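Reader: I would like a close look at one part of this protein, the open sheet and its edges. Please go on from there to the other local details that can be described with some care.

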Amino acid sequence: MNRMYVSVGRRLRAAVMLVVVIAIGLAGSMLAQASDIGDIDVLALVPATPGSPEGVVAHGSSVFVSGPARFGTAGTGPSAIQVFDRRTGTLKQTILVTGENLAFEHALSNMAWGGAGRLFALSTQLGLIYFTKQGLDYAQVGYGDPVPDLPICPFSGSCSPTAFDMPPIVNDVVFDPQGYAYVTDSLQATIWRYAPGGGAAQIWFQSAQFEGGGPIPFGANGIRLNRERTHVYVAISSSAANPAQGTIYRLPLVDQPTEADLAVIHTYIAGEMPDQLAFDSVGNLYVSLALSNQISVLAANGTETVRYASAPGDAIPLDNPAGIAFDARTRSLLIVNHALLSGDPNHFAVLRMFVDDPGAQLFDPDSSETEFGE
C-alpha cells in the first residue's frame, strides 16, 4: 500500500513537471512570436531637461542616457546622465555633471563603460570624465583633458586638415584591449587617443576625408572596434565634397595608421547621415541613420543587408536616432531618439528594437571581464 502510494505520487509529480515544462515552452514560443525582428517599442521616456539625448549604455540593472548633445546650451542647466531601470524603463536617478561653466556652450555626448565600475562620458567642456557609484549617488572624476582647438593646416605644429577653422566637438569614445580610449572629433577631422590613465589627448589619425559639409557639417561621429579587436570603424556623417554622402571607414588598430590604411566599408549617398555604430555577435554592423530615421545593417563585407524603420502607429517613431547599444537580456538594440530637428520633447526616448541577437562583447578596459551590451 505504501509502495503504491509512493509510485502514484511520483507519477503525479512527474506529470505536473511535464505540464510545467510544456507550459514554459509554450510561453517562450508565444513570447518569441510576440516580437518579430525589427519590432520597436518604447523602453523609457527621457526628460525634456536637459533634453536632446545622445549616448546610451546598458550595464547591470540600468540603462544610462547622456545629454544634451546640441548647440544653444549657454545659460541653461548642467548636462546630465539619466539612469533608467533596464527592465521596466523607470527613471531611477539623474546624475548632474559638475564643473561646467553654464554661461557658455556645454554638452555631453556619448559614453562607454569602463573598469572598476566607471561610466565614462565625453564633455565638450571637461573632456573625458567618469562616474562611480558612491552609496546612493555617483562621484564625478576627471580623466582625459579637453582636446585642443587646432589651427588649420599647414601649420608647424599640430593642425586640423580641414578647409575651415572649426572648434573641437568630441562625439564618441571606445576603449581598446590595452586601455587606450579613442575619441572622434566631428569638426576637426580627427580621431584622438588617450593613453591608459587619461591625461592629454594625442592625435591618432586625421584625414581630410573626415571633414563634414552642408548645414550639419559633422564629419567623424560614431566609433567602434570590430569583434576581433583588430580594426577601428568610424562613421563620417557628411562630406565636405558632397554633404549628402556619409561613409563608414575602417582603420587597423595600430599605433600610427596612415592615409593608405583607410578603407571604405560602405557609402550612404542620399543624405542619411550615419551617426552611431554597434556590432552584433556575428560581425554585422548596425548604423543609426540620423536624417532618414532608420537603422542600417551592414554585413562584414560592407553590403547593406536590411534597413529598419518605424511602423505606422508606433507610439514614438524613430526621430534622429543617435546612440545605439545592444541589450543582451532582451536580444534587442537600444536606440536613443535625439529628435534634434523636430525639437519634439515627446520624442526624447529610448526605443527598443528586437533583433534576436545579444550584440558583440565589449571590452572592459581595466579588467579581464567583458559585458554583453554597453
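Author: What follows starts with how far the model can be relied on, then takes the sheet, a neighbouring topic of hairpin pairing, one arginine and the disulfide.

The model is a predicted one. Its mean pLDDT is 90, and 87% of the residues reach 70 or more. Residues 1-34 fall outside that group, since their pLDDT stays under 50. For residues 1-34 the model has one contact beyond four places in sequence. Residues 367-374 also have a pLDDT below 50, but this stretch has 32 contacts in the model beyond near neighbours in sequence.

Now the sheet. It is open and has four strands, in the order 6-7-8-9, with antiparallel pairing. Strand 6, residues 108-114, and strand 9, residues 137-144, are the edge strands, and each of them pairs on one side only. From one strand to the next, the twist averages 30°.

At one edge, strand 6 pairs with strand 7, which covers residues 118-123. The two are antiparallel and share five bridges. Within this pairing, W113 stands opposite L119 of strand 7.

At the other edge, strand 9 contains V141. Is this residue buried, partly exposed or exposed? V141 has a relative accessible area of 30%, and because buried means under 20% and exposed means over 50%, V141 counts as partly exposed. Setting aside residues up to four places away in sequence, V141 touches I129 and Y130. I129 lies twelve residues from V141 along the chain, and the C-alpha atoms of the two are separated by 5.8 Å.

Strands 10 and 11 give another antiparallel pairing, this time over four bridges. Strand 10 runs over residues 170-175, and six of its six residues are buried, so the strand is largely enclosed by the rest of the structure. Strand 11 covers residues 181-185. One of the residue pairs across these strands is F175 with A181, its bridge partner in strand 11. The two strands form a hairpin with five residues between them, and in this hairpin G179 takes a positive phi near 95°.

Strand 11 also leads to R193. This arginine is placed in strand 12, residues 190-194. R193 has 14% relative accessibility and therefore counts as buried. What does its side chain meet in the way of polar partners? One polar contact joins the side chain of R193 to the side chain of Y182, at 3.3 Å. Another joins the side chain of R193 to that of D255, also listed at 3.3 Å. Leaving out neighbours within four places in sequence, the residues in contact with R193 are Y180, A181, Y182, A200, A201, Q202, W204, V254 and D255. A181, the bridge partner of F175, is thus one of the residues that R193 contacts.

Last comes the disulfide. The structure holds one, and it joins C153 to C159 with an S to S distance of 1.9 Å. The link is right-handed, with 90° about the S-S bond. Its two cysteines fall into separate accessibility classes: C153, at 31% relative accessibility, counts as partly exposed, whereas C159, at 10%, counts as buried.

Notes:
Residues are numbered from 1 along each chain as its sequence is written. This is a predicted model: local features need pLDDT of at least 70, side-chain atom pairs count only at pLDDT 80 or more; totals for chains, interfaces and linings use all residues. Side-chain values use heavy atoms; hydrogens and water are left out. pLDDT is the predictor's confidence in each residue, from 0 to 100. Contact means heavy atoms within 4.5 Å. Two strands pair if DSSP finds at least two bridges between them. Axes are lines fitted to C-alpha atoms, for helices over the stretch in contact, and angles run from 0 to 180 degrees between N-to-C directions. A disulfide is a pair of cysteine sulfur atoms within 2.5 Å. Buried means under 20% relative accessible area, exposed over 50%, partly exposed in between (1.4 Å probe, protein chains only). A polar contact is a pair of N or O atoms within 3.5 Å; within protein, one must be able to donate a hydrogen and the other to accept it, and residues adjacent in sequence count only if both atoms are side-chain atoms.
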